[in-house]
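Biologist: Before we discuss how the helices and the two chains meet, could we have the structure in view and go through the reasoning behind each label?

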Amino acid sequence: MKRKKDYDDRDLRRAFSSLTRMEAPERTVRELSERLEREQEGLERRKPAAAPLLRIRREVLFAVFATLLFAVPLTYLVTKRFAAEKAPSRTYVVRFIYEDENARSVHLVGDFNSWRSSEIILERVGDSKLWSAELTLEEGLYKYGFLVNETYIVSDPLSGLKVKDSFGNESSLMVLADGKRRGGSS
Amino acid sequence: MKIMKAILLLFIILGIPLSASAGSDHEAASVASAVDDIYGDRGGTVELKVALSEAVDVGMPSEAVEGFVREAARSERDPGEVAEYIRAASDLFSDGIPEALLFNTLIEGFVKGVGREEMQRSVGLLRSKLRFASKITAKHTVRRGGGRSDHELLLSALFHTMNMGYAEENLKALSKAAGEKNLTSRGFFNILKVSMELSGLGIRPARVTAIMERSIRNGTSMRQMSGYPSFVREGREKGLADNDIYSFLMIKADEVLNSEKSSSGTGTGSGQSASPSGGKGGPPGGGPSTGGSPGGGK
Amino acid sequence: MAKPFENYDEILKENKDRIFNLLFRLTGDHHTAEDLFQETFLRAYRGLGRYEGKSKLSTWIYSVALNVYRDHYRKSRKSRHDIRIEDTGLFFSAGPGSSPEEAFLMKEERAELQELLVSLRPALRVPVVLFYIEGLAVEEIAAVTGRSEPSIKTALHRARKLLKEKLGREKDEKKERLR
């Protein structure tokens with residue numbers, strides 16, 4: 001532990017205290033304030049003006065309703081990438097989602113099934129480009145990836161949590177513990 | 001009477017290991033026949049069978065070893081190669097390191113087509129990583145009610161953080177801080193969980209270590225630390241540069257400490273803390289406020 | 001709801017001099033300091049807007065300033081600023097009753113000090129400026145720079161040796177010249 005004497009120096013203190021304290025020049029501060037105001041205005045302008053609703057046409061209502069009907073469950077699926085609810089005795093129900101419009105088949109491989117291909121099938125969600133599968137897993141950490149078209153394995157593009165083994169392979173990591181979901185990306 | 005007791009005792013003492021080995025003999029036999037099933041009449045399985053019986057002897061569950069052999073065979077690995085991996089696993093197992101971590105890494109390699117030479121070259125590194133993880137794990141006690149699983153969870157987390165780019169120094173530092181605060185293995189695991197999340201957001205290990213170390217030392221609650229990742233995400237949404245987010249996190253980590261400090265006039269830099277929202281994770285929503293901006297310059 | 005900008009005015013007022021002083025001492029160049037000064041407060045504004053504006057604010061602005069400085073330094077790589085005494089003379093003033101010789105000497109000394117500061121590499125320069133000029137304690141410097149306390153103490157220790165050495169030499173040279 002360094003004593004104060006080792007790094008503090010009276011002479012240096014004295015020397016440096018002779019330096020004038022600078023003040024921010026008026027001109028610069030004014031320029032800055034102007035820039036800030038411009039930013040502020042720019043931000044406000046971007047806010048959408050509240051348009052008054054005059055009359056809602058029936059067709060518009062219907063379009064909104066239909067969109068919501070489709071969009072809500074889709075959003076739910078997309079945003080709740082790994083919906084991990086806690087099942088009794090520390091097991092977790094996990095939903096894996098993969099996005100690929102053109103894939104012919106998608107399988108899930110990972111530590112939980114010894115990376116056996118073509119075993120856990122992801123099913124396409126309606127007509128969307130999403131594939132999904134649900135697994136029940138015990139608490140723990142699992143490496144995994146998606147086997148696409150039974151040809152190549154990719155790590156999860158929707159998750160930021162990646163690990164590299166010593167052979168230069170990358171895979172995604174899922175951390176299941178404490179009833180909270182981990183492993184999803186933002 | 002005494003002699004009877006002595007004989008009885010002798011029976012018991014001798015009996016247990018005898019029956020145990022008898023049991024494992026049975027296990028060994030079944031695994032050996034499994035090898036025959038798997039590899040058929042292909043040559044070179046003797047070495048593998050020997051390795052397998054050794055594995056069973058040190059206590060490795062036979063299903064685990066069998067499973068590994070099956071996967072190896074599925075990827076058409078040579079029995080001699082597989083024997084080597086099983087020996088490595090036995091070695092680790094007899095030091096208390098579960099076989100799953102090694103096996104899963106190797107199986108992934110099989111499936112992804114890693115060559116024999118490359119894999120064999122890397123086994124040494126894998127072993128030292130696992131040993132290191134085990135050493136660190138041993139320093140943290142298991143909480144009441146937690147079982148072996150807590151230890152395994154921690155070991156697994158340590159191993160994976162190393163595969164994420166965390167150096168031994170990083171993990172040693174975290175372990176040391178955790179130890180100073182008497183965190184259980186579960187507690188330390190939770191620290192690593194948050195660390196991994198932050199890494200998943202692209203913050204490099206050295207920085208994560210700095211943040212978490214500081215937080216641990218300052219007594220930050222787990223709840224607050226769990227909020228760090230969403231803190232980072234929100235910061236990014238607001239357009240903050242990563243450097244600034246990092247600085248802010250470091251200061252946040254000090255918040256707990258500084259809220260207890262009385263307003264000392266130590267220099268101009270430290271703001272006086274307007275008591276932070278205890279235990280709350282991310283930043284509160286709503287409008288800005290200047291809060292307790294400290295009084296004038298020097 | 002209060003406009004973020006209105007509150008920011010106060011933040012600006014309270015911190016502007018301190019931040020400018022810091023940046024000037026770090027860069028040794030008035031013009032650069034002005035640019036970095038604006039950049040600092042702009043960045044802080046953008047990030048601060050809807051963030052918690054409590055406590056740690058000024059400390060956080062310090063670190064934003066240091067980050068801005070670090071980015072600038074990495075980009076420009078101009079570690080040596082040619083500070084001519086005539087330039088810096090503008091900013092140093094001797095006391096009211098000092099003789100012309102004294103005034104000149106003091107001017108020279110201060111310019112040299114600034115030059116000395118700038119001759120330190122940033123890893124040493126930043127702690128020195130924060131410690132001796134801004135008067136922060138070691139823990140605060142550590143918090144603001146994101147470095148560990150031991151590393152700050154080491155930096156100060158090294159800088160102290162370097163600076164004293166150089167200062168000592170300057171003094172001797174000066175004595176020679178005055179003879």
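**Contacts between chains and between helices**

Modeller: In this predicted model, the contact between the chains takes 26 residues from chain A and 29 residues from chain B. On the side of chain A that touches chain B, β7 (140-148), β9 (162-164) and β10 (170-177) of chain A each supply at least two residues, and β10(A) gives the most, with four residues.

Biologist: How do the residues of the side of chain A that touches chain B divide by class?

Modeller: They divide into 10 nonpolar, 10 polar and six charged residues.

Biologist: What makes α8(B) and α10(B) roughly parallel to each other?

Modeller: Helix α8 (residues 168-180) and helix α10 (residues 205-217) of chain B pack at an angle of about 10°, with their axes 9 Å apart. Angles under 35 degrees count as roughly parallel, and therefore α8(B) and α10(B) are described in that way. In this contact, residues including B:L174 in α8(B) meet residues of α10(B), B:M212 and B:I216 among them, and by class the contact has eight nonpolar, two polar and two charged residues.

Biologist: Why is α4(B) called roughly antiparallel to α5(B)?

Modeller: The axes of helix α4 (residues 79-93) and helix α5 (residues 100-111) of chain B come within 9 Å and cross at roughly 155°. Because angles over 145 degrees count as roughly antiparallel, α4(B) is roughly antiparallel to α5(B), and their crossing is right-handed.

Biologist: Which residues make the contact of α4(B) and α5(B)?

Modeller: B:Y85, B:A88, B:A89 and B:L92 of α4(B) make it with B:L102, B:F103 and B:L106 of α5(B), and by class this contact has seven nonpolar, no polar and no charged residues.

Technical notes: Residues numbered from 1 in each chain as written. Chains lettered and ligands numbered in written order. Predicted model: local features only at pLDDT ≥ 70, side-chain atom pairs only at ≥ 80, totals over all residues. Contact = placed C-beta atoms within 7 Å. Nonpolar A, V, L, I, M, F, W, Y, C, P; charged D, E, K, R; others polar. Axes fitted to C-alpha atoms, helices over the stretch in contact; angles between N-to-C directions. Parallel < 35°, antiparallel > 145°, perpendicular 65-115°, else oblique. Left-handed = near helix turned anticlockwise from the far one by under 90°.
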